[in-house]
Structures are given as C-alpha cells and as structure tokens.
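Dear colleague,

I am passing on the structure below, and I would be glad if you could look through it with the notes that follow.

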Amino acid sequence: MSESFTEVYPKEKTAFYRLLNAQLKALIEEETCWLTALSNASALLYGALENINWAGFYLVSGGVLLLGPFQGRPACTRIPKGRGVCGACWQENAPQLIANVHEFAGHIACDSASNSEIVLPLRQNGAVVGLLDIDSPLLSRFDEEDLRGLAQFASMVEAAAADAAAAL
C-alpha cells in the first residue's frame, strides 16, 4: 500500500469507530451484491485499523466456515465448527476477544505472525451465517472499545447482507 489510511483517522477510539462506521455505511448502503459489500468492508478495515495483519470474512457454507473476502496474507480456506477462534465464535454464536492466540486451545495458525484476534458473528434471524475476523501481530491489540465499535460494524454488514438477499 503506497499510503496509509490510518493517517486520516482520529486516535480516540470512539471517534475512530464513528468515522469508520460512517464510511462503511456510505460504501454499502445501496450495494445489492453481498460479495462487493464484504470486499469493500474488509479493505476498509485493513486500511483503517492500525497494527493488524489480516481483516476479512468467513461464511458458513456446506457445514464449514468458508474463506470469504479478506485483506492480508493467504488464509485457511475451510474451518470446522468449534475449531480455532473462528470455529469457537461460530459454535458459541458469541464474539471472541483473544489477547494471545497461542494460549487459545486449538488455535489455527494460518499466519504465524498473528498474536491476537477478534472475531464477531454475522447473523441472520439469530443464526450465524458468517464471521468478521481480524488478526494482529501485537499481543492484546483488541479491547472492549474495539469490540463495541466492531460490533456496530458487523451489524451494518448483517443489514447489508439481509438487504442483498431480499433483492434477489
């Protein structure tokens, strides 16, 4: 990347997520293709968040999590329910905020440089249909403020996916 988007974002997290989520809304609010919306959402996250090395989506398909649009190094393509941080998020239908992935039982090391991770479920009618996954090379990179801001981000992605499905 020739220039960093992070230079234009506020350092204070509440203001940061307010701007990030406004940008996401502008990118996806009239998009009728979920693949396009997820692609732009992952690119937005990857350019805006500091100290991350992967940002993207996994989608529930054929009984596994299937790699979706992302930014970063190549990743695991299929993850079973309950396996690793993503599989745990899917099984528990709950966000995962992991300070040190090496201490997480069953962690899948798609990128050995990753040290912390945050994963949020994407739901339709209460069921997990996908995940938002972000990795960092720093330990304890993500906190409760990140969780709140990214939960809003994930909610907008869910709404865009529902709108895209309704448009079919």
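**The first helix**

At the start of α1, a side-chain oxygen of glutamate 12 comes to within 3.1 Å of the backbone nitrogen of threonine 14, a polar contact in the sense of a pair of N or O atoms within 3.5 Å, where within protein one must be able to donate a hydrogen and the other to accept it, and where residues adjacent in sequence count only if both atoms are side-chain atoms. Please note that this is a predicted model, in which local features need pLDDT of at least 70 and side-chain atom pairs count only at pLDDT 80 or more, while totals for chains, interfaces and linings use all residues. Residues are numbered from 1 along each chain as its sequence is written, and side-chain values use heavy atoms, with hydrogens and water left out.

Helices (H or I, at least four residues) and strands (E, at least two) are DSSP runs, numbered from the N terminus. In α1, Phe16, Tyr17, Leu20, Asn21, Leu24 and Ile28 are buried, which means under 20% relative accessible area, with exposed being over 50% and partly exposed in between (1.4 Å probe, protein chains only). They cover an arc of only 120° around the axis, so they lie on the same side of α1; the arc is that of the directions from the helix axis to the C-beta atoms. The face turned away from this buried side carries the exposed residues Arg18 and Ala26.

**The cores**

The largest nonpolar core (buried Ala, Val, Leu, Ile, Met, Phe, Trp, Tyr and Cys residues joined through side-chain atoms within 4.5 Å) has 29 residues, of which Leu20, Leu45, Ile134, Leu150, Phe153 and Val157 touch the most other members. The elements that give two or more residues to this core are α1 (13-28), α2 (34-48), β1 (54-61), β5 (116-124), β6 (127-136) and α4 (144-167). Leaving aside residues up to four places away in sequence, phenylalanine 153 is in contact (heavy atoms within 4.5 Å) with Leu20, Asn21, Leu24, Ala41, Leu44, Leu45 and Leu132. A second, separate core of 16 residues includes Tyr58, Ile98, Ile108 and Val119.

**Serine 114**

Serine 114, in the loop between β4 (96-98) and β5, is buried, with a relative accessible area of 4%. Its side chain is joined to that of aspartate 135 by a polar contact of 3.4 Å, and the residues that serine 114 touches, again not counting those up to four places away in sequence, include Asn53, His102 and Pro137.

**The whole chain**

There are four helices and six strands in the chain, and buried residues make up 43% of its 168 residues.

Best regards
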